[in-house]
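Biologist: Please show me the model, and then we can go through a few residues.

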Amino acid sequence: MSSQAPQKQLKRFSRDEIAKHNKEDDLWIIIDSYVYDLSDFVDAHPGGMAVLLSEEIAGQDATETFFGLHTMEILQRPNYQKMIIGQVEGEEPELHYPQPGELSKVPYAEPSWLVEPFASPYYNESHRRLQREMRKLADEHITPVAKACEANGKRPDIELVKLMGKLGLNPMRMGPGKHLKGRKLFADIKPEEFDYFHEMIITQEIARCGQRGFMDGFNGGMVIGLPPILNFGSDELKEEIVEPVFNGEKFIALAVTEAFAGSDVMGLKTYAQKSEDGSHYIVNGTKKWITNGHFADYFTTAVRTDEGFGVIVIPRALGVETRQLHTSYSTTAGTAFVMFNNIKVPARYLVGVDGMGIPIVLSNFNHERWVMVCGTARGARGIVEVLMKWINQRKSFGRPLTSQAVVRQKIAFLIAQVEALQSYLEHITHQMNQMSYKQQAKFLAGQIAFLKAWSTRVTEQVADNAVQIMGGRGLTRTGMGAPVEMYHRTYKFDAVLGGSEEILADLGLRQSLRFFPKNVKL
(Lines give C-alpha, C1' and ligand atoms only; values in the text may rest on other atoms or scores of the structure.)
Protein backbone atom coordinates (compact mmCIF):
# COMPACT_ATOMS: atom_id res chain seq x y z
CA MET A 1 0.00 0.00 0.00
CA SER A 2 1.32 3.45 -0.87
CA SER A 3 -0.11 6.86 -0.21
CA GLN A 4 -0.18 10.31 -1.69
CA ALA A 5 2.83 12.60 -1.74
CA PRO A 6 4.39 12.93 1.76
CA GLN A 7 2.53 15.39 3.94
CA LYS A 8 2.87 16.96 7.35
CA GLN A 9 1.29 15.18 10.28
CA LEU A 10 -2.45 15.35 9.76
CA LYS A 11 -5.08 15.96 12.41
CA ARG A 12 -7.43 13.06 13.13
CA PHE A 13 -11.24 13.32 13.10
CA SER A 14 -13.93 10.84 14.05
CA ARG A 15 -16.52 9.97 11.41
CA ASP A 16 -19.25 11.41 13.66
CA GLU A 17 -17.45 14.75 13.81
CA ILE A 18 -16.92 14.79 10.04
CA ALA A 19 -20.62 14.09 9.46
CA LYS A 20 -21.54 17.39 11.15
CA HIS A 21 -19.83 19.37 8.37
CA ASN A 22 -22.50 18.88 5.74
CA LYS A 23 -23.60 22.36 4.73
CA GLU A 24 -22.80 24.65 1.81
CA ASP A 25 -20.49 26.93 3.81
CA ASP A 26 -19.08 24.12 5.93
CA LEU A 27 -18.60 20.98 3.84
CA TRP A 28 -16.23 18.08 4.47
CA ILE A 29 -16.00 14.70 2.76
CA ILE A 30 -13.89 11.58 3.13
CA ILE A 31 -11.93 10.02 0.28
CA ASP A 32 -9.71 7.04 1.11
CA SER A 33 -9.45 8.03 4.81
CA TYR A 34 -8.42 11.61 3.96
CA VAL A 35 -10.69 14.47 5.03
CA TYR A 36 -11.22 17.16 2.42
CA ASP A 37 -12.65 20.59 3.26
CA LEU A 38 -14.69 21.62 0.22
CA SER A 39 -16.29 24.70 1.78
CA ASP A 40 -14.52 27.10 -0.61
CA PHE A 41 -14.91 24.72 -3.55
CA VAL A 42 -18.67 24.18 -3.58
CA ASP A 43 -19.47 27.01 -6.00
CA ALA A 44 -16.57 26.05 -8.30
CA HIS A 45 -17.40 22.35 -8.48
CA PRO A 46 -17.73 21.46 -12.20
CA GLY A 47 -20.56 19.04 -11.40
CA GLY A 48 -22.63 21.63 -9.60
CA MET A 49 -23.44 22.31 -5.98
CA ALA A 50 -26.28 19.79 -5.66
CA VAL A 51 -23.98 16.80 -6.10
CA LEU A 52 -21.75 17.77 -3.20
CA LEU A 53 -24.65 18.63 -0.90
CA SER A 54 -26.45 15.32 -1.37
CA GLU A 55 -26.95 13.12 1.71
CA GLU A 56 -24.62 10.44 0.31
CA ILE A 57 -21.68 12.85 -0.01
CA ALA A 58 -21.83 15.84 2.35
CA GLY A 59 -20.02 14.85 5.56
CA GLN A 60 -19.80 11.25 4.37
CA ASP A 61 -17.30 8.81 2.86
CA ALA A 62 -17.44 9.68 -0.86
CA THR A 63 -14.65 7.33 -2.02
CA GLU A 64 -16.82 5.05 -4.13
CA THR A 65 -18.84 7.91 -5.58
CA PHE A 66 -15.71 9.88 -6.41
CA PHE A 67 -14.06 7.06 -8.33
CA GLY A 68 -17.25 6.42 -10.23
CA LEU A 69 -16.92 9.93 -11.64
CA HIS A 70 -13.25 10.95 -11.48
CA THR A 71 -9.70 9.72 -11.97
CA MET A 72 -6.95 9.28 -9.41
CA GLU A 73 -4.98 12.03 -11.14
CA ILE A 74 -7.35 14.70 -9.81
CA LEU A 75 -6.54 13.89 -6.19
CA GLN A 76 -2.83 14.29 -6.91
CA ARG A 77 -3.17 17.84 -8.22
CA PRO A 78 -1.78 20.52 -5.85
CA ASN A 79 -5.07 22.42 -5.53
CA TYR A 80 -6.84 19.26 -4.32
CA GLN A 81 -3.97 18.33 -2.02
CA LYS A 82 -4.44 21.71 -0.32
CA MET A 83 -8.02 20.76 0.57
CA ILE A 84 -6.84 17.90 2.80
CA ILE A 85 -7.22 18.92 6.45
CA GLY A 86 -6.86 15.57 8.19
CA GLN A 87 -7.59 11.85 8.29
CA VAL A 88 -10.26 9.64 9.76
CA GLU A 89 -9.41 8.50 13.24
CA GLY A 90 -7.89 5.00 13.26
CA GLU A 91 -7.88 4.65 9.47
CA GLU A 92 -5.14 4.67 6.81
CA PRO A 93 -5.34 5.05 3.02
CA GLU A 94 -5.96 1.84 1.10
CA LEU A 95 -5.53 3.10 -2.47
CA HIS A 96 -2.35 3.23 -4.51
CA TYR A 97 -1.31 6.69 -5.70
CA PRO A 98 1.00 6.29 -8.74
CA GLN A 99 4.38 7.99 -8.58
CA PRO A 100 6.52 9.11 -11.55
CA GLY A 101 8.58 6.31 -13.05
CA GLU A 102 6.79 3.34 -11.53
CA LEU A 103 5.25 0.41 -13.35
CA SER A 104 1.49 -0.02 -13.40
CA LYS A 105 0.02 -2.67 -11.12
CA VAL A 106 -2.96 -3.26 -13.43
CA PRO A 107 -2.93 -6.66 -15.18
CA TYR A 108 -1.82 -6.35 -18.83
CA ALA A 109 -1.05 -2.65 -18.45
CA GLU A 110 2.64 -3.42 -19.06
CA PRO A 111 4.24 -5.68 -21.68
CA SER A 112 5.04 -9.03 -20.09
CA TRP A 113 8.83 -8.53 -20.11
CA LEU A 114 8.31 -5.89 -17.40
CA VAL A 115 6.10 -8.09 -15.22
CA GLU A 116 7.36 -10.67 -12.72
CA PRO A 117 7.74 -13.61 -12.97
CA PHE A 118 7.61 -13.52 -16.80
CA ALA A 119 10.85 -13.87 -18.73
CA SER A 120 11.92 -12.75 -22.19
CA PRO A 121 14.94 -13.69 -24.35
CA TYR A 122 15.04 -10.25 -25.95
CA TYR A 123 15.86 -7.88 -23.11
CA ASN A 124 19.02 -7.47 -21.05
CA GLU A 125 20.03 -5.24 -18.15
CA SER A 126 20.70 -2.24 -20.38
CA HIS A 127 17.17 -2.45 -21.81
CA ARG A 128 15.68 -2.55 -18.32
CA ARG A 129 17.83 0.34 -17.13
CA LEU A 130 16.80 2.42 -20.13
CA GLN A 131 13.13 1.63 -19.52
CA ARG A 132 13.31 2.71 -15.86
CA GLU A 133 15.00 6.01 -16.63
CA MET A 134 12.89 6.69 -19.72
CA ARG A 135 9.68 6.06 -17.76
CA LYS A 136 10.68 8.59 -15.13
CA LEU A 137 11.71 11.16 -17.74
CA ALA A 138 8.46 10.68 -19.64
CA ASP A 139 6.29 10.94 -16.51
CA GLU A 140 8.02 14.03 -15.16
CA HIS A 141 8.89 15.98 -18.30
CA ILE A 142 7.25 14.67 -21.47
CA THR A 143 3.66 13.81 -20.49
CA PRO A 144 2.84 17.16 -18.82
CA VAL A 145 4.07 19.03 -21.91
CA ALA A 146 2.24 16.59 -24.20
CA LYS A 147 -1.10 17.20 -22.48
CA ALA A 148 -0.64 20.96 -22.51
CA CYS A 149 0.31 21.01 -26.21
CA GLU A 150 -2.57 18.75 -27.19
CA ALA A 151 -4.93 21.12 -25.41
CA ASN A 152 -3.58 24.40 -26.81
CA GLY A 153 -2.48 23.13 -30.23
CA LYS A 154 0.98 24.66 -29.93
CA ARG A 155 4.12 22.95 -31.22
CA PRO A 156 6.06 20.87 -28.67
CA ASP A 157 8.19 22.85 -26.27
CA ILE A 158 11.54 23.53 -27.96
CA GLU A 159 13.30 23.37 -24.60
CA LEU A 160 12.01 19.82 -24.17
CA VAL A 161 13.39 18.87 -27.60
CA LYS A 162 16.71 20.42 -26.61
CA LEU A 163 16.67 18.42 -23.38
CA MET A 164 16.18 15.27 -25.44
CA GLY A 165 19.19 16.30 -27.51
CA LYS A 166 21.34 17.03 -24.46
CA LEU A 167 20.50 13.61 -23.02
CA GLY A 168 21.41 11.88 -26.28
CA LEU A 169 17.84 10.74 -26.92
CA ASN A 170 17.29 12.46 -30.27
CA PRO A 171 20.01 10.45 -32.04
CA MET A 172 18.85 7.33 -30.18
CA ARG A 173 15.40 7.75 -31.75
CA MET A 174 17.00 7.17 -35.17
CA GLY A 175 17.89 3.59 -34.31
CA PRO A 176 21.31 1.90 -34.18
CA GLY A 177 23.97 3.07 -36.61
CA LYS A 178 27.16 5.01 -37.23
CA HIS A 179 25.48 8.24 -36.12
CA LEU A 180 25.75 7.02 -32.50
CA LYS A 181 29.49 6.44 -32.55
CA GLY A 182 31.33 8.47 -29.93
CA ARG A 183 28.14 9.88 -28.37
CA LYS A 184 27.16 9.86 -24.72
CA LEU A 185 23.74 8.24 -24.67
CA PHE A 186 20.88 8.39 -22.19
CA ALA A 187 20.93 5.89 -19.29
CA ASP A 188 24.63 5.22 -19.96
CA ILE A 189 23.83 2.98 -22.91
CA LYS A 190 26.98 2.26 -24.93
CA PRO A 191 26.67 3.16 -28.63
CA GLU A 192 27.92 -0.28 -29.67
CA GLU A 193 25.27 -2.08 -27.58
CA PHE A 194 22.33 0.08 -28.70
CA ASP A 195 19.83 -1.95 -30.72
CA TYR A 196 16.26 -1.75 -32.00
CA PHE A 197 14.85 -2.92 -28.67
CA HIS A 198 16.41 0.13 -27.02
CA GLU A 199 14.76 2.31 -29.65
CA MET A 200 11.44 0.54 -29.19
CA ILE A 201 11.57 1.22 -25.45
CA ILE A 202 12.11 4.94 -26.04
CA THR A 203 9.20 5.12 -28.49
CA GLN A 204 6.85 3.12 -26.30
CA GLU A 205 7.60 5.13 -23.17
CA ILE A 206 6.87 8.35 -25.04
CA ALA A 207 3.68 6.80 -26.47
CA ARG A 208 2.34 6.25 -22.94
CA CYS A 209 1.42 9.94 -22.84
CA GLY A 210 -1.56 9.01 -25.06
CA GLN A 211 -1.47 12.37 -26.88
CA ARG A 212 -1.44 11.35 -30.54
CA GLY A 213 -0.87 14.75 -32.12
CA PHE A 214 1.98 15.54 -29.75
CA MET A 215 3.65 12.24 -30.54
CA ASP A 216 3.94 13.25 -34.20
CA GLY A 217 4.83 16.82 -33.31
CA PHE A 218 7.55 15.68 -30.93
CA ASN A 219 10.22 15.43 -33.61
CA GLY A 220 8.33 12.91 -35.73
CA GLY A 221 9.71 14.80 -38.71
CA MET A 222 13.24 14.06 -37.54
CA VAL A 223 12.59 10.34 -37.24
CA ILE A 224 11.46 10.10 -40.87
CA GLY A 225 13.16 13.11 -42.47
CA LEU A 226 16.74 12.71 -41.25
CA PRO A 227 17.54 9.06 -42.22
CA PRO A 228 17.97 9.83 -45.95
CA ILE A 229 20.62 12.41 -45.01
CA LEU A 230 22.33 10.08 -42.55
CA ASN A 231 22.36 7.17 -45.02
CA PHE A 232 22.86 8.90 -48.38
CA GLY A 233 23.80 12.55 -47.75
CA SER A 234 27.18 14.10 -48.43
CA ASP A 235 29.53 14.98 -45.59
CA GLU A 236 28.84 18.65 -46.28
CA LEU A 237 25.09 18.11 -45.99
CA LYS A 238 25.46 16.12 -42.77
CA GLU A 239 27.69 18.78 -41.26
CA GLU A 240 25.10 21.50 -41.86
CA ILE A 241 21.99 19.62 -40.74
CA VAL A 242 22.53 16.59 -38.49
CA GLU A 243 23.90 18.10 -35.26
CA PRO A 244 21.60 21.16 -35.23
CA VAL A 245 18.61 18.80 -35.61
CA PHE A 246 19.87 16.44 -32.91
CA ASN A 247 20.46 19.42 -30.60
CA GLY A 248 16.92 20.75 -31.10
CA GLU A 249 18.22 23.93 -32.75
CA LYS A 250 16.73 23.08 -36.15
CA PHE A 251 13.76 20.97 -37.27
CA ILE A 252 13.29 18.81 -40.33
CA ALA A 253 10.31 17.22 -42.11
CA LEU A 254 9.93 14.52 -44.75
CA ALA A 255 8.07 15.90 -47.77
CA VAL A 256 6.94 13.05 -50.00
CA THR A 257 3.13 12.96 -49.96
CA GLU A 258 1.18 15.19 -52.32
CA ALA A 259 -2.46 15.88 -53.03
CA PHE A 260 -1.68 14.08 -56.30
CA ALA A 261 0.21 11.14 -54.78
CA GLY A 262 -0.08 9.46 -51.39
CA SER A 263 0.91 5.81 -51.24
CA ASP A 264 1.59 6.07 -54.99
CA VAL A 265 5.03 7.64 -54.63
CA MET A 266 5.70 7.23 -58.35
CA GLY A 267 2.81 9.60 -59.06
CA LEU A 268 4.34 12.65 -57.38
CA LYS A 269 4.53 15.83 -59.50
CA THR A 270 6.86 18.20 -57.66
CA TYR A 271 9.56 18.94 -60.24
CA ALA A 272 13.18 20.01 -59.81
CA GLN A 273 14.81 21.32 -62.97
CA LYS A 274 18.59 21.35 -62.94
CA SER A 275 20.34 24.45 -64.24
CA GLU A 276 22.51 24.19 -67.33
CA ASP A 277 25.69 24.69 -65.33
CA GLY A 278 24.55 22.12 -62.75
CA SER A 279 24.93 24.54 -59.86
CA HIS A 280 21.33 24.46 -58.65
CA TYR A 281 17.77 23.16 -59.08
CA ILE A 282 14.59 25.17 -59.54
CA VAL A 283 11.84 23.39 -57.58
CA ASN A 284 8.11 23.84 -58.21
CA GLY A 285 5.25 21.91 -56.66
CA THR A 286 3.34 21.22 -53.47
CA LYS A 287 3.32 18.66 -50.68
CA LYS A 288 0.43 17.86 -48.36
CA TRP A 289 -0.08 16.33 -44.90
CA ILE A 290 3.57 16.95 -44.02
CA THR A 291 4.22 16.17 -40.36
CA ASN A 292 6.13 19.02 -38.62
CA GLY A 293 5.99 20.91 -41.92
CA HIS A 294 4.58 24.08 -40.41
CA PHE A 295 7.63 24.63 -38.21
CA ALA A 296 10.35 22.71 -40.10
CA ASP A 297 13.58 24.45 -41.09
CA TYR A 298 14.43 21.79 -43.67
CA PHE A 299 12.33 19.62 -45.99
CA THR A 300 13.68 16.27 -47.19
CA THR A 301 11.77 16.42 -50.46
CA ALA A 302 11.03 13.77 -53.08
CA VAL A 303 10.99 15.33 -56.54
CA ARG A 304 10.85 14.49 -60.21
CA THR A 305 13.99 15.39 -62.15
CA ASP A 306 15.21 14.99 -65.72
CA GLU A 307 16.97 11.84 -64.49
CA GLY A 308 13.74 10.34 -63.08
CA PHE A 309 13.36 10.94 -59.34
CA GLY A 310 15.56 12.56 -56.73
CA VAL A 311 15.63 13.62 -53.10
CA ILE A 312 16.60 17.20 -52.31
CA VAL A 313 16.82 18.87 -48.91
CA ILE A 314 15.18 22.28 -49.24
CA PRO A 315 15.80 24.88 -46.52
CA ARG A 316 12.76 26.95 -45.56
CA ALA A 317 14.96 30.04 -45.73
CA LEU A 318 15.10 29.74 -49.54
CA GLY A 319 11.45 30.81 -49.72
CA VAL A 320 9.38 27.74 -48.83
CA GLU A 321 5.83 28.60 -47.78
CA THR A 322 3.64 26.48 -45.52
CA ARG A 323 0.02 26.52 -44.43
CA GLN A 324 -1.15 24.59 -41.39
CA LEU A 325 -3.69 21.82 -41.95
CA HIS A 326 -6.36 21.04 -39.35
CA THR A 327 -6.71 17.29 -38.86
CA SER A 328 -8.51 15.07 -36.36
CA TYR A 329 -5.80 15.59 -33.79
CA SER A 330 -4.45 18.92 -32.58
CA THR A 331 -2.25 21.30 -34.53
CA THR A 332 0.66 20.45 -32.23
CA ALA A 333 1.91 18.05 -34.94
CA GLY A 334 2.46 20.99 -37.29
CA THR A 335 0.82 19.13 -40.19
CA ALA A 336 1.20 21.34 -43.23
CA PHE A 337 0.57 22.06 -46.88
CA VAL A 338 3.97 22.96 -48.33
CA MET A 339 4.52 25.15 -51.39
CA PHE A 340 7.67 25.32 -53.52
CA ASN A 341 7.35 28.22 -55.95
CA ASN A 342 10.47 28.63 -58.09
CA ILE A 343 12.73 27.74 -55.19
CA LYS A 344 16.38 27.96 -56.22
CA VAL A 345 18.18 25.16 -54.37
CA PRO A 346 21.98 24.78 -54.58
CA ALA A 347 22.96 21.38 -56.01
CA ARG A 348 24.84 20.52 -52.81
CA TYR A 349 21.44 19.87 -51.17
CA LEU A 350 20.87 16.83 -53.43
CA VAL A 351 20.75 13.63 -51.37
CA GLY A 352 22.71 10.81 -52.98
CA VAL A 353 22.55 10.57 -56.76
CA ASP A 354 20.06 12.27 -59.07
CA GLY A 355 17.79 9.56 -60.48
CA MET A 356 17.98 7.36 -57.35
CA GLY A 357 15.21 9.11 -55.47
CA ILE A 358 12.79 6.20 -55.30
CA PRO A 359 15.23 3.72 -53.69
CA ILE A 360 16.20 6.41 -51.17
CA VAL A 361 12.55 7.07 -50.28
CA LEU A 362 11.65 3.39 -50.11
CA SER A 363 14.67 2.57 -47.92
CA ASN A 364 13.17 4.83 -45.29
CA PHE A 365 9.75 3.17 -45.11
CA ASN A 366 10.60 0.02 -43.13
CA HIS A 367 11.94 1.93 -40.14
CA GLU A 368 9.14 4.49 -40.28
CA ARG A 369 6.45 1.81 -40.28
CA TRP A 370 8.14 -0.17 -37.53
CA VAL A 371 8.33 2.96 -35.34
CA MET A 372 4.62 3.54 -35.92
CA VAL A 373 3.82 0.01 -34.75
CA CYS A 374 5.88 0.57 -31.58
CA GLY A 375 3.58 3.49 -30.84
CA THR A 376 0.31 1.78 -31.79
CA ALA A 377 1.11 -1.28 -29.69
CA ARG A 378 1.77 0.83 -26.60
CA GLY A 379 -1.18 3.11 -27.26
CA ALA A 380 -3.57 0.16 -27.48
CA ARG A 381 -2.19 -1.24 -24.25
CA GLY A 382 -2.75 2.11 -22.55
CA ILE A 383 -6.44 1.96 -23.45
CA VAL A 384 -6.68 -1.59 -22.08
CA GLU A 385 -5.34 -0.26 -18.78
CA VAL A 386 -7.98 2.50 -18.75
CA LEU A 387 -10.72 -0.06 -19.41
CA MET A 388 -9.48 -2.44 -16.72
CA LYS A 389 -9.58 0.37 -14.16
CA TRP A 390 -12.99 1.51 -15.38
CA ILE A 391 -14.74 -1.84 -15.13
CA ASN A 392 -13.37 -2.36 -11.64
CA GLN A 393 -14.66 0.94 -10.24
CA ARG A 394 -17.79 1.63 -12.29
CA LYS A 395 -21.11 0.25 -11.12
CA SER A 396 -24.15 -0.29 -13.31
CA PHE A 397 -27.50 -1.61 -12.11
CA GLY A 398 -25.98 -1.77 -8.63
CA ARG A 399 -23.12 -4.07 -9.65
CA PRO A 400 -19.59 -3.46 -10.95
CA LEU A 401 -19.09 -3.82 -14.70
CA THR A 402 -16.82 -6.79 -14.01
CA SER A 403 -19.95 -8.77 -13.22
CA GLN A 404 -21.22 -8.45 -16.80
CA ALA A 405 -20.10 -11.30 -19.05
CA VAL A 406 -20.42 -9.26 -22.24
CA VAL A 407 -18.00 -6.64 -20.88
CA ARG A 408 -15.54 -9.29 -19.73
CA GLN A 409 -15.63 -10.92 -23.15
CA LYS A 410 -14.95 -7.65 -24.98
CA ILE A 411 -11.93 -6.85 -22.85
CA ALA A 412 -10.64 -10.43 -22.96
CA PHE A 413 -10.37 -10.30 -26.75
CA LEU A 414 -8.75 -6.87 -26.63
CA ILE A 415 -6.13 -8.12 -24.18
CA ALA A 416 -5.38 -11.14 -26.38
CA GLN A 417 -4.92 -8.94 -29.45
CA VAL A 418 -2.71 -6.42 -27.67
CA GLU A 419 -0.52 -9.18 -26.25
CA ALA A 420 -0.25 -10.81 -29.68
CA LEU A 421 0.65 -7.48 -31.28
CA GLN A 422 3.49 -6.86 -28.83
CA SER A 423 4.82 -10.40 -29.39
CA TYR A 424 4.66 -9.97 -33.17
CA LEU A 425 6.47 -6.64 -32.85
CA GLU A 426 9.18 -8.15 -30.64
CA HIS A 427 9.69 -11.00 -33.13
CA ILE A 428 10.19 -8.54 -36.02
CA THR A 429 12.43 -6.34 -33.85
CA HIS A 430 14.64 -9.34 -33.10
CA GLN A 431 14.96 -10.06 -36.83
CA MET A 432 15.95 -6.42 -37.43
CA ASN A 433 18.75 -6.83 -34.90
CA GLN A 434 20.06 -9.89 -36.77
CA MET A 435 20.00 -8.39 -40.27
CA SER A 436 21.93 -5.73 -42.12
CA TYR A 437 20.05 -2.72 -43.52
CA LYS A 438 20.17 -4.35 -46.97
CA GLN A 439 18.82 -7.67 -45.66
CA GLN A 440 16.00 -5.86 -43.86
CA ALA A 441 14.94 -4.27 -47.14
CA LYS A 442 14.90 -7.66 -48.84
CA PHE A 443 13.42 -9.93 -46.20
CA LEU A 444 11.48 -7.67 -43.79
CA ALA A 445 9.69 -5.17 -46.03
CA GLY A 446 6.75 -7.54 -46.41
CA GLN A 447 6.85 -8.66 -42.79
CA ILE A 448 6.80 -5.09 -41.49
CA ALA A 449 4.04 -4.22 -43.97
CA PHE A 450 1.91 -7.07 -42.59
CA LEU A 451 2.76 -6.06 -39.02
CA LYS A 452 1.69 -2.46 -39.52
CA ALA A 453 -1.50 -3.37 -41.41
CA TRP A 454 -2.52 -5.85 -38.72
CA SER A 455 -1.57 -3.50 -35.88
CA THR A 456 -4.06 -0.89 -37.09
CA ARG A 457 -6.77 -3.53 -37.38
CA VAL A 458 -6.13 -4.21 -33.69
CA THR A 459 -6.36 -0.51 -32.85
CA GLU A 460 -9.72 -0.31 -34.60
CA GLN A 461 -11.06 -3.09 -32.37
CA VAL A 462 -9.63 -1.42 -29.28
CA ALA A 463 -11.02 2.01 -30.18
CA ASP A 464 -14.52 0.78 -31.03
CA ASN A 465 -14.94 -1.49 -28.02
CA ALA A 466 -13.46 1.07 -25.64
CA VAL A 467 -16.16 3.59 -26.55
CA GLN A 468 -18.88 0.96 -26.17
CA ILE A 469 -17.61 0.02 -22.73
CA MET A 470 -17.22 3.60 -21.48
CA GLY A 471 -20.39 4.92 -23.11
CA GLY A 472 -20.82 8.69 -23.16
CA ARG A 473 -17.52 9.21 -21.36
CA GLY A 474 -15.74 7.62 -24.30
CA LEU A 475 -17.03 10.44 -26.48
CA THR A 476 -16.11 13.28 -24.11
CA ARG A 477 -12.79 15.11 -24.40
CA THR A 478 -12.45 15.74 -20.68
CA GLY A 479 -12.82 13.60 -17.58
CA MET A 480 -12.48 9.86 -17.15
CA GLY A 481 -13.09 9.01 -20.78
CA ALA A 482 -10.64 11.53 -22.22
CA PRO A 483 -7.98 8.93 -23.14
CA VAL A 484 -10.59 6.82 -24.95
CA GLU A 485 -12.06 9.81 -26.79
CA MET A 486 -8.59 10.88 -27.92
CA TYR A 487 -7.74 7.35 -29.01
CA HIS A 488 -10.99 6.85 -30.92
CA ARG A 489 -10.58 10.20 -32.67
CA THR A 490 -6.98 9.61 -33.73
CA TYR A 491 -6.34 5.87 -34.13
CA LYS A 492 -6.97 6.07 -37.88
CA PHE A 493 -3.85 8.16 -38.40
CA ASP A 494 -1.70 5.05 -38.16
CA ALA A 495 -3.96 3.21 -40.60
CA VAL A 496 -3.21 5.85 -43.24
CA LEU A 497 0.18 7.41 -42.52
CA GLY A 498 3.26 5.55 -43.71
CA GLY A 499 1.20 3.53 -46.19
CA SER A 500 -2.46 2.62 -45.90
CA GLU A 501 -3.59 -0.76 -44.58
CA GLU A 502 -4.71 -1.93 -48.01
CA ILE A 503 -1.46 -0.94 -49.74
CA LEU A 504 0.65 -2.56 -47.04
CA ALA A 505 -1.35 -5.78 -46.96
CA ASP A 506 -0.89 -6.06 -50.71
CA LEU A 507 2.81 -5.22 -50.41
CA GLY A 508 3.27 -7.95 -47.83
CA LEU A 509 1.65 -10.57 -50.04
CA ARG A 510 3.52 -9.47 -53.16
CA GLN A 511 6.79 -9.67 -51.26
CA SER A 512 6.01 -13.23 -50.20
CA LEU A 513 5.13 -14.23 -53.77
CA ARG A 514 8.61 -13.16 -54.86
CA PHE A 515 9.99 -15.98 -52.73
CA PHE A 516 7.36 -18.55 -53.72
CA PRO A 517 9.06 -21.67 -55.12
CA LYS A 518 8.13 -22.41 -58.73
CA ASN A 519 8.23 -26.18 -58.22
CA VAL A 520 5.56 -26.32 -55.48
CA LYS A 521 1.98 -27.33 -56.31
CA LEU A 522 -1.07 -28.50 -54.40
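Modeller: What follows is a short set of questions and answers on single residues and one surface patch.

Modeller: This is a predicted model, in which local features need pLDDT of at least 70, side-chain atom pairs count only at pLDDT 80 or more, and totals for chains, interfaces and linings use all residues. Residues are numbered from 1 along each chain as its sequence is written, and side-chain values use heavy atoms, with hydrogens and water left out.

Biologist: Is Phe 218 buried or exposed?

Modeller: Phe 218 sits in the loop between helix H10 (212-217) and helix H11 (220-225); helices are DSSP runs of H or I, at least four residues, numbered from the N terminus. Leaving aside neighbours within four places in sequence, its contacts (heavy atoms within 4.5 Å) include Ile 142, Leu 160 and Met 164. Buried means under 20% relative accessible area, exposed over 50% and partly exposed in between, using a 1.4 Å probe and protein chains only. At a relative accessible area of 1%, Phe 218 is therefore buried.

Biologist: Which backbone oxygen does the side chain of Ser 363 reach?

Modeller: Ser 363 belongs to helix H14 (residues 357-393). Beyond its neighbours within four places in sequence, Ser 363 is in contact with Phe 232 and Tyr 437. At 2.7 Å, its side chain reaches the backbone oxygen of Ile 360.

Biologist: What is the relative accessible area of Leu 509?

Modeller: Leu 509 is in helix H20 (residues 501-514). Leu 509 is partly exposed because its relative accessible area falls between the two cut-offs, at 46%.

How values were computed
Helix = DSSP H or I, 4+ residues; strand = E, 2+ residues; numbered from the N terminus. Polar contact = N/O pair within 3.5 Å; in protein donor to acceptor, adjacent residues only side chain to side chain.
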